[in-house]
Amino acid sequence: MGAMLLLGVGASRWRRPRDIHSLEEWGVGGRAFGNWTTWFLLGGSMFSAYTFIAVPALTYGVGAMGFFAIPFATIVTPLSFIFTTRAWSVAHRHGFVTPGEFTAARFGSRALGAAVALTGIAATMPYIAVQLASLQAVLRTVGLAGEWPLLIGVTVIALCTFRSGLRAPALLSIAKDVLLGWVVVAALLIVAMNGGWGDAFRKAGAHFAATPSPSDGLVLGGAAGQTAYLSLVIGSALSIFVYPHALTTMLAAKDRSTVQRNSAALPIYCLVLGLMAMLGFFALSQGVTPQGRDLNTVMPQLFHNLFPSWSSGIALAAFGIAALIPAAIMSIAAANAFTRSIYRAFLRPAATPAEEARVSRWTSLVVKVGAVGCILLLDPAFSVDLQLIGGVIILQTIPAGFIGLLTNWFHRLALMAGLVVGLAVSVVLLYRIPQVGPAGTIVKEHFGGSITTINGWPVYVGIVALAVNLAIAVFGTLLLKAARVRPGQDQTRPDDYDADADDPMVKRLENLLDGLPSGQAGVHAAPRYVRQNTRNS
């Protein structure tokens, strides 16, 4: 991990641009990442400690419900191929860096853009907290207990991203995936050497049959369990598109084909996700017990118990890096959202590129501290609940951000009303959810999860709040149009959503980060692209 830190700090010199002190360079890597860099960066942000620690911990604790992550990740693939490509095109045509900027331009409302940005920042903090909680579990497994390891994680992330921006997690993602590839192969060997998957499923089934909880097991618990599962799948699949870090990762790609190729290859990561989820059952079959009540320690403890010491060390280091990289990307994305949609839009419209980069650097530190606060204040039974709580919040930007890529039919005032009410419903429902222990006792009164009950049916809170949000946005738009209230002016055009890197409205620059033709790196580097200033055209 020390070597990774040095690699991250030195990333600012990797294919160094003429000036890294701008949001285009620091925040989105100059929009110049090729196929391989984008692939590893995408994997670093979307398949992280959540994949390798949080999901197996959930299957260890509740069984089949933990597998909701696999169909949700699979659904993301075709949607990403369509919607992320459109987002890349319009962002490159207009120079957008954040979802809030797009929303403001699409619906002609800076206030709506700022609301989307603030919602994205609030939703990102719990997601970062998942990563930091996973890092804490890794350190706890090797004997570093207490809360202070969180400060180590925040410091490591800060050192890497403050100096190098998005280049740090991009470079670290390459090294991380090499380590995690080895970890997956090693895990398969350990399973084969200890009874195989058949034995693991038999013993896990016997364990769930003996527990007092009716909601766990190798299969979903009846129609009610299936409703909760389905709502989690749909809500998680929709939410992933509107997180600021998801857009940041794809905006760093050099052209539309890079985005499409990486979207098409996402099922490879889905296969790994399914394998890691099954390791929760294998941990049950091997009698692995978590440290205290922290189920995040299950996977680190499994490797610690069954692997040779040198092998366990490599695996735990890989888990630690898998926690740090997405946390870095997420904090950069949240900082970009504040800088572009709030600081420049309302406080300093004439901010220089260097000033924007400086504000984003410092804001990224504040976001990391906020993520630590989420862990200390919420303290859920499963760290995956932190991500699901963040998903509840970010889902409320679906009408403006996700549907906005297809149509500008909604009225900006109706979207704002729907967003505010949706967030209010989300907070109220989340507050009312208790945390229930294994024996059915209530461990904590409030913010205990993300599944609520509607007429006796368990359902993901985010879907309920989004339904209310959409209803208000639709009926509000109909009323406002009937009253002939003037809508905001759409600053985008239909052809913006199909623009590619050779579009005449973007300007060629030098030195792609990767993907260069053989023999052309360096002296005759292929061009990359940034926007021309077309705001007044």
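Buried residues account for 60% of the 537 residues in the protein chain of this predicted model. The chain carries 21 helices and 6 strands. Take the contacts between residues at least 6 apart in sequence, and 82% of them join residues at least 24 apart. As for the outside, the accessible surface is about 20600 Å², with 66% of that belonging to carbon and sulfur atoms.

**Helix 14**

- Helix 14 runs over residues 267-285, and its 19 residues should span 27 Å at 1.5 Å a residue. The end C-alpha atoms sit 28 Å apart, which agrees with that figure.
- Of those 19 residues, 14 are buried, so helix 14 is largely enclosed by the rest of the structure.
- Just after helix 14 comes glycine 287, with a positive phi of about 70 degrees.

**Salt bridges: arginine 93 and its network**

- The structure has 12 salt bridges. One of them pairs arginine 93 with aspartate 495, where the closest N and O atoms are 3.9 Å apart.
- That pair ties together distant parts of the chain, 402 residues apart. Arginine 93 belongs to helix 5 (residues 69-94), while aspartate 495 lies in the loop between helix 21 (461-482) and strand 5 (506-509).
- Are the two partners buried or exposed to some degree? Arginine 93 has 4% relative accessibility and counts as buried, because the cut-off for buried is under 20%. Aspartate 495, at 38%, counts as partly exposed, because it falls between the 20% and 50% cut-offs.

**Salt bridges: arginine 344 and its two partners**

- Arginine 344 meets glutamate 101 in a salt bridge, at 3.7 Å from N to O. This one also links distant parts of the chain: arginine 344 is in helix 16 (residues 309-347) and glutamate 101 is in helix 6 (residues 99-107), 243 residues apart.
- Both arginine 344 and glutamate 101 are buried.
- Arginine 344 also forms a salt bridge with glutamate 356, this time at 3.1 Å from N to O. Here the partners are 12 residues apart, with glutamate 356 in helix 17 (residues 353-378) and arginine 344 in helix 16.
- Glutamate 356 is buried, as is arginine 344.
- Elsewhere, Arg93, Arg493, Asp495 and Asp496 are joined into one network by salt bridges that share partners.

**Cavities**

- Rolling a probe the size of a water molecule over the atoms shows where empty space is left.
- How many cavities of 30 Å³ or more turn up? The count comes to 7.
- The largest cavity holds about 330 Å³ of space.
- Its lining is made up of 23 residues, and Thr84, Ala87, Phe241, Val242 and Leu247 are the ones nearest the centre of the largest cavity.
- Which helices each supply at least two residues of the lining of the largest cavity? They are helix 3 (35-46), helix 5, helix 6, helix 11 (222-242), helix 12 (244-251) and helix 19 (398-402).
- Helix 5 gives the most, with 7 residues in the lining of the largest cavity. Helix 5 is also where arginine 93 sits.
- Helix 6, likewise among the helices lining the largest cavity, is home to glutamate 101.

Notes: Residues are numbered from 1 along each chain as its sequence is written. This is a predicted model: local features need pLDDT of at least 70, side-chain atom pairs count only at pLDDT 80 or more; totals for chains, interfaces and linings use all residues. Side-chain values use heavy atoms; hydrogens and water are left out. Helices (H or I, at least four residues) and strands (E, at least two) are DSSP runs, numbered from the N terminus. Buried means under 20% relative accessible area, exposed over 50%, partly exposed in between (1.4 Å probe, protein chains only). Contact means heavy atoms within 4.5 Å. Accessible areas come from the Shrake-Rupley method with a 1.4 Å probe; for residues, only the protein chains shown count as cover. The expected span of a helix is 1.5 Å times one less than its number of residues. A salt bridge is a side-chain nitrogen of Lys or Arg within 4 Å of a carboxyl oxygen of Asp or Glu. On a 1 Å grid over the protein atoms alone, a cavity is a set of points where a 1.4 Å probe fits but cannot get out, and a pocket is an open set with protein on both sides within 12 Å along at least five of seven lines; lining residues have an atom within 4 Å of a point. Grid points are joined across faces, edges and corners, and a volume is the space filled by probe spheres set on the points.
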